[in-house]
Amino acid sequence: MGTAVADVSDPSPAPGEVVVAVEACGLCGSDVHAVQNGQCEPGQILGHEFSGRIVALGADVTGWSQGQPVAGSPLGSCGKCRICMRGLAFRCPAAPNIGINRQGAYAEYVAVPARQLVALPDDLPIAVGSHAEPLSVGSQAAKLASVGPGDPVLVYGVGPIGLYAIMALRLFGAGPIVAAGRSAGRRAAAADVGADVVIDTREISVTSYAEQSGTRFAAALECSAAPGAFTEALSVVEPGGTCVEVALTPEVASVPLFGMLSEGHHLVGACAFSDETYRESVAHLAAGRVPVERLVSERVPLDGTPDALRRLQTPGSLVRILSLPQQ
């Protein structure tokens with residue numbers, strides 16, 4: 001199924017919602033794969049990494065005003081059920097997720113539950129807020145890795161999420177950080193945003209690097225979805241360390257249970273983020289603690305978004321593209 005720009009009715013805010021005029025929306029790898037694999041429902045508007053200005057308030061909305069700059073978490077949540085209380089808002093059975101199973105932000109306007117908004121400072125370029133969602137994904141993975149100062153960490157895969165994970169690990173003080181990937185452009189970006197060592201997995205495997213350098217990692221974040229990457233990442237984790245699967249992969253990996261038990265390894269899946277992590281990410285962006293603008297390869301208008309999604313299927317040197325619907 002293809003993608004196209006179409007005229008649709010502007011959304012109206014339901015009670016408890018606002019309408020946001022989208023100033024920037026990041027093109028996510030999950031959207032690229034959804035388009036590539038024909039997984040979009042007819043009429044579905046994608047886009048879930050967004051920021052903009054409030055233009056309309058629904059009934060019962062307090063504490064927000066028209067014209068206010070905001071970042072919007074796409075994750076629907078009732079905020080009350082056992083799943084939400086665990087910080088897994090994206091699995092809440094009561095609320096849909098923007099750009100996934102409700103209309104998204106590759107659009108001039110998007111309706112957003114007010115509880116999913118975080119205010120942006122007036123002096124921050126609004127487009128910077130669109131980085132809060134992917135930074136939150138990387139930050140949640142870094143939290144689950146349970147690392148801190150002096151802990152060596154492997155980031156396997158240097159696509160956008162791997163790059164945001166590197167920045168999050170820097171915020172946590174972890175290091176040295178070793179990034180492993182294939183794309184020359186994205187490996188350069190990894191070095192630019194905080195990786196201490198960057199290896200080209202086409203020339204040396206992670207296993208060989210670990211053997212030659214004598215490195216065992218306190219944690220490995222698998223962000224590539226490459227076949228065999230999880231098993232390889234687990235093999236270079238030190239006793240008591242953690243392997244975090246971040247990439248959305250259909251692979252069914254074999255886990256050497258004796259090795260996991262004898263080494264005391266922790267295995268954890270990281271998908272999306274908690275509301276708390278999203279608020280923290282906005283605070284980091286507002287304070288200028290993360291060099292997210294270095295990742296932006298292109299900015300495209302709304303009518304250039306379908307082509308940009310197609311080009312990201314074979315990204316080459318492209319790292320991150322922002323869609324700017326108001327241009």
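**Figure 1. Helix 4 of the predicted model, a helix of 12 residues.** From its first C-alpha to its last, helix 4 reaches 17 Å, close to the 16 Å expected at 1.5 Å a residue. The structure shown in this and the following figures is a predicted model. Buried positions in helix 4 are Gly162, Leu163, Tyr164, Ala165, Ile166, Met167, Ala168 and Leu169. The elements against which the buried residues of helix 4 pack are helix 3, strand 6 (153-156), strand 7 (177-181), helix 5 (184-193), strand 9 and strand 13. Gly173 follows helix 4 and has a positive phi, near 85°.

**Figure 2. The cis peptide bond between Gly175 and Pro176.** Omega for the bond from Gly175 to Pro176 is near 5°. Pro176 belongs to the loop that connects helix 4 with strand 7. Strand 7 (177-181) is also among the elements that pack against the buried residues of helix 4.

**Figure 3. Helix 3, residues 132-145, and its mostly covered surface.** Helix 3 comprises 14 residues, and its first and last C-alpha atoms are separated by 20 Å, close to the 20 Å expected at 1.5 Å a residue. Of these 14 residues, 12 are buried. The buried set consists of Ala132, Glu133, Pro134, Leu135, Ser136, Val137, Gly138, Ser139, Gln140, Ala141, Ala142 and Ala145. Packing partners of the buried residues in helix 3 are helix 4 (160-171), strand 9 (217-222), strand 10 (237-245), helix 9 (275-286) and strand 13 (320-324). Just after helix 3, Ser146 adopts a positive phi of about 55°.

**Figure 4. Surroundings of Ser139 in helix 3.** Ser139 counts as buried because its relative accessibility is 5%, under the 20% limit for that class. With neighbours within four places in sequence left aside, Ser139 is in contact with Ala168, Phe172, Thr277 and Ser281. Of these partners, Ala168 is one of the buried residues of helix 4. Helix 4 and helix 9 are both listed among the elements packing against the buried residues of helix 3.

**Figure 5. Asp60 and Ala272, two non-glycine residues with positive phi.** Asp60 has a phi of about 75° and is located in the loop between strand 2 (50-57) and strand 3 (69-72). Asp60 counts as exposed because its relative accessibility is 71%, where exposed requires over 50%. For Ala272, phi is about 60°, and the residue occupies the loop between strand 11 (266-269) and helix 9. Ala272 counts as buried because its relative accessibility is 12%.

**Figure 6. Pro96 in the loop between helix 2 (82-85) and strand 4 (109-113).** Pro96 has a relative accessibility of 32% and therefore counts as partly exposed. Apart from neighbours within four places in sequence, the contacts of Pro96 include Pro74, Gly76, Asn101 and Arg102. Pro96 and Leu154 are separated by 58 residues in sequence and by 33 Å in space, C-alpha to C-alpha.

**Figure 7. Glu211 in helix 6, residues 206-213.** The relative accessible area of Glu211 is 62%, so this residue is exposed. Between Glu211 and Glu23 there are 47 Å in space, C-alpha to C-alpha, and the two residues are 188 residues apart in sequence.

**Figure 8. The protein chain that frames the close-up views, with 10 helices and 13 strands.** The radius of gyration of the chain is 20 Å, which agrees with the value near 20 Å for a compact globule of 327 residues. Taken along the principal axes, the C-alpha atoms fill a box of roughly 60 × 40 × 40 Å. Buried residues constitute 52% of the 327 residues. Among contacts with a separation of 6 or more, 68% join residues 24 or more positions apart. The chain exposes about 14,300 Å², of which carbon and sulfur atoms supply 52%. There are 21 positive and 31 negative side chains, and the centres of the two sets lie 3 Å apart.

Note on methods. Residues numbered from 1 in each chain as written. Predicted model: local features only at pLDDT ≥ 70, side-chain atom pairs only at ≥ 80, totals over all residues. Heavy atoms only, no water. Helix = DSSP H or I, 4+ residues; strand = E, 2+ residues; numbered from the N terminus. Expected span 1.5 Å × (residues − 1). Buried < 20%, exposed > 50% of the residue type's maximum accessible area, 1.4 Å probe, protein only. Contact = heavy atoms within 4.5 Å. Rg over C-alpha atoms; globule rule 2.2 N^0.38 Å. Areas by Shrake-Rupley, 256 points an atom, 1.4 Å probe, with all protein chains shown as cover. Lys, Arg positive; Asp, Glu negative; His and termini not counted. Charge placed at Lys NZ, Arg CZ, Asp CG, Glu CD.
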